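The following paragraphs walk through a protein model together with its bound ligand, beginning with a single side chain and moving outward from there. Please keep the structure in view while reading.

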Amino acid sequence: MTPTVYHLQLHLEGHQFISFKSSETVNRILNNPMIRKTMLTEFFAMNRTNEHAIAMQLLYKEFPEHFVWSPGYRTWTRRQKRNVIGRVVTCHPTEGERYYLRLLLMNVRGPKSYKDLRTVSEVPCSTFRESAEKRKLLYCSNSLIECMLEAVSYQMPYSLRRLFATLLVYCNPADPKKLWEMFEDSMSEDFKHLSDFEEKGVRHKVLSHINDILHSMGHDINEYKLIPKNIRASETAKDAKDIHFERNIIVSEQDLLLPKRLNVQQLRSYNTIIDRVFSGKQGTFFVDGPGGTGKTFLYRALLATIRSQGFIALATATSGVAASILPGGRTAHSRFKMPIDIDDNFRCNISKQSLLVCLIRDVKLIVWDEASMAKKNIIEALDTLLRDIMDVDTMFGGKVVVFGGDFRQTLPVVRNGKKKRFYL
Ligand SMILES: Nc1ncnc2c1ncn2[C@@H]1O[C@H](COP(=O)(O)OP(=O)(O)OP(=O)(O)O)[C@@H](O)[C@H]1O
């Protein structure tokens with residue numbers, strides 16, 4: 001096939017692959033200067049020492065058009081004939097520094113070393129990313145357009161959408177709308193072939209998929225203003241990972257039978273709470289009882305009843321150990337994105353567009369075990385968060401919340417704290 005395509009190696013400093021015989025000793029391998037030489041290291045060397053290379057100031061991808069790589073000797077020599085095309089191996093933006101190295105190699109002419117690529121106006125940068133940023137390559141749409149164009153030539157629409165979302169999150173394109181408009185068609189190819197989607201439906205499906213990917217990275221598509229209308233998060237987020245996980249917690253047969261095994265006191269609490277959940281009324285409960293009196297048993301019965309009917313019930317606890325006992329349990333800090341050390345004025349800082357908010361809006365019941373171990377301001381922060389999300393000034397946003405714990409077992413310890421800082 002003509003012209004020949006040269007695949008140009010791309011690696012960070014000291015990260016090149018090396019090959020050696022199994023009989024060779026480590027010392028011998030390390031002392032062999034040939035082993036370190038690659039197309040890239042020798043490209044730098046030629047830019048330092050070869051007069052033709054210095055005069056031509058070539059980009060890495062242009063180098064094979066003028067020089068031939070000899071794998072045996074690991075050197076570049078002057079090309080006499082034949083047309084060839086140079087291609088720097090591709091690299092995904094999630095690869096971090098390797099991606100920025102490639103970006104620099106695609107734009108900086110005649111670099112003499114890695115350090116040279118990292119130096120801008122004689123000021124050394126600590127990373128390739130910083131260098132690319134200072135050279136204004138990072139937010140320049142051209143490099144992102146090139147990245148997408150290259151991907152379009154060999155990637156499926158599904159992968160293109162992943163790449164597009166990654167570029168939005170990690171490369172801060174100056175004009176995301178332009179990037180979307182340029183590549184919408186390529187990213188829609190697979191949905192277009194499904195006859196049951198009209199043009200509007202295809203666009204919605206593509207944007208929904210991109211939104212799901214963005215959600216898994218902690219972002220939302222509406223941040224990027226790709227289309228004039230806001231894409232309703234609830235529509236897209238329904239299928240998204242977290243909600244999917246919560247909706248699909250498998251309730252074991254054993255747990256489904258728990259309500260039938262509750263003792264009188266447990267049953268009274270169970271009926272009261274379930275009544276609140278299904279009547280849509282607000283309810284805040286505290287399940288108190290010494291260790292071993294069946295609090296966890298009761299939570300499991302509640303969670304099983306609600307989840308088995310297709311509703312969302314969040315199971316949380318202050319400690320990881322207690323959370324792990326509850327089916328689908330997470331620590332409250334992790335579920336509600338609360339830092340461990342918080343001060344009195346702390347408020348949960350969650351975007352209203354986020355996946356977590358969609359999840360919380362749909363929640364029927366929140367269980368928080370070992371609440372007796374949590375600081376008062378964490379519980380207050382949850383109250384503020386729920387009021388904010390649900391847009392109502394009702395305790396815990398009108399949700400049914402069941403706290404549990406045993407103050408006899410675990411008195412909270414607040415350094416230099418007064419009573420009012422830890423009583424609920
Ligand atoms: N109604 C019940 N029928 C049968 N077994 C029960 C019942 N209630 C509780 N148990 C059993 O009693 C034991 C202790 O219950 P559980 O773990 O729910 O207590 P707890 O109050 O959560 O304890 P801790 O505060 O130490 O976490 C468990 O083995 C549980 O299966």
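In this predicted model, a convenient place to begin is R307, which is found in helix α16. Although arginine counts as a charged residue, R307 has a relative accessibility of 8% and therefore counts as buried, the cut-off being under 20%. A polar atom of the R307 side chain lies 2.7 Å from the backbone oxygen of P327. When residues up to four places away in sequence are set aside, R307 touches E246, I249 and V251, then A313, L314 and A315, and finally P327 and G328.

The helix that carries R307 also leads to the ligand, since α16, spanning residues 295-308, gives the most to the shell around the ligand, with three residues. Twelve residues surround the ligand in total, and the closest are R261, Q266, G292, K295 and T296. Sorted by class, this shell has eight polar residues, two nonpolar ones and two charged ones. Several oxygen contacts of the ligand can be followed in turn. A polar side-chain atom of T296 lies 2.5 Å from an oxygen atom of the ligand, a polar backbone atom of F297 is 2.9 Å from an oxygen atom of the ligand, and a polar backbone atom of G294 is 3.1 Å from an oxygen atom of the ligand. The ligand on its own has 630 Å² of accessible area, of which the protein covers 57%.

From the ligand the path turns to strand β11, residues 400-405, in which V402 lies. V402 has a relative accessibility of 0% and therefore counts as buried. Leaving aside neighbours within four places in sequence, V402 is in contact with I273, F285, V287 and Y299, and also with the run L365, I366, V367 and W368. The last four of these contacts fall within the residue range of β10, 363-369. V402 and A371 are 31 residues apart in sequence, yet their C-alpha atoms are 9.5 Å apart in space.

Two loops around helix α20 contain backbone conformations that deserve a look. E370 is found in the loop between β10 and α20, the latter covering residues 376-390, and its phi is near 55°, a positive value in a residue other than glycine. D391 has its place in the loop between α20 and β11, and D391 likewise has a positive phi of about 55° although it is not a glycine. With a relative accessibility of 60%, D391 counts as exposed, because the cut-off for that class is over 50%.

Helix α2, residues 39-49, offers another view of the interior. Nine of its eleven residues are buried, so the helix is largely enclosed by the rest of the structure. The buried residues are M39, L40, T41, E42, F43, F44, A45, M46 and N47. An α-helix has 3.6 residues a turn, so residues three or four places apart point the same way. The buried residues of α2 pack against three strands, β1 (4-8), β2 (67-70) and β3 (75-78), and against three helices, α3 (51-56), α4 (97-107) and α5 (114-118). One of the buried residues of α2 is N47, which has a relative accessible area of 0%. Apart from neighbours within four places in sequence, N47 is in contact with A53 and I54, with F63, and with G110, P111 and K112.

The cysteines add a further detail, for the structure holds zero disulfides. C91 is in no disulfide, and the nearest cysteine sulfur, that of C147, is 8.9 Å away, whereas a disulfide would require the two sulfur atoms to be within 2.5 Å. C91 counts as buried at 10% relative accessibility, and C125 is buried as well, with a relative accessible area of 7%.

These local views can be placed against the protein as a whole, which has 21 helices and eleven strands. Of its 424 residues, 45% are buried. Among the contacts with a separation of 6 or more, residues 24 or more positions apart account for 64%. The protein exposes about 23300 Å², and carbon and sulfur atoms supply 52% of that area.

Conventions:
Residues numbered from 1 in each chain as written. Predicted model: local features only at pLDDT ≥ 70, side-chain atom pairs only at ≥ 80, totals over all residues. Heavy atoms only, no water. Buried < 20%, exposed > 50% of the residue type's maximum accessible area, 1.4 Å probe, protein only. Helix = DSSP H or I, 4+ residues; strand = E, 2+ residues; numbered from the N terminus. Contact = heavy atoms within 4.5 Å. Near = heavy atom within 4 Å. Polar contact = N/O pair within 3.5 Å; in protein donor to acceptor, adjacent residues only side chain to side chain. Areas by Shrake-Rupley, 256 points an atom, 1.4 Å probe, with all protein chains shown as cover.
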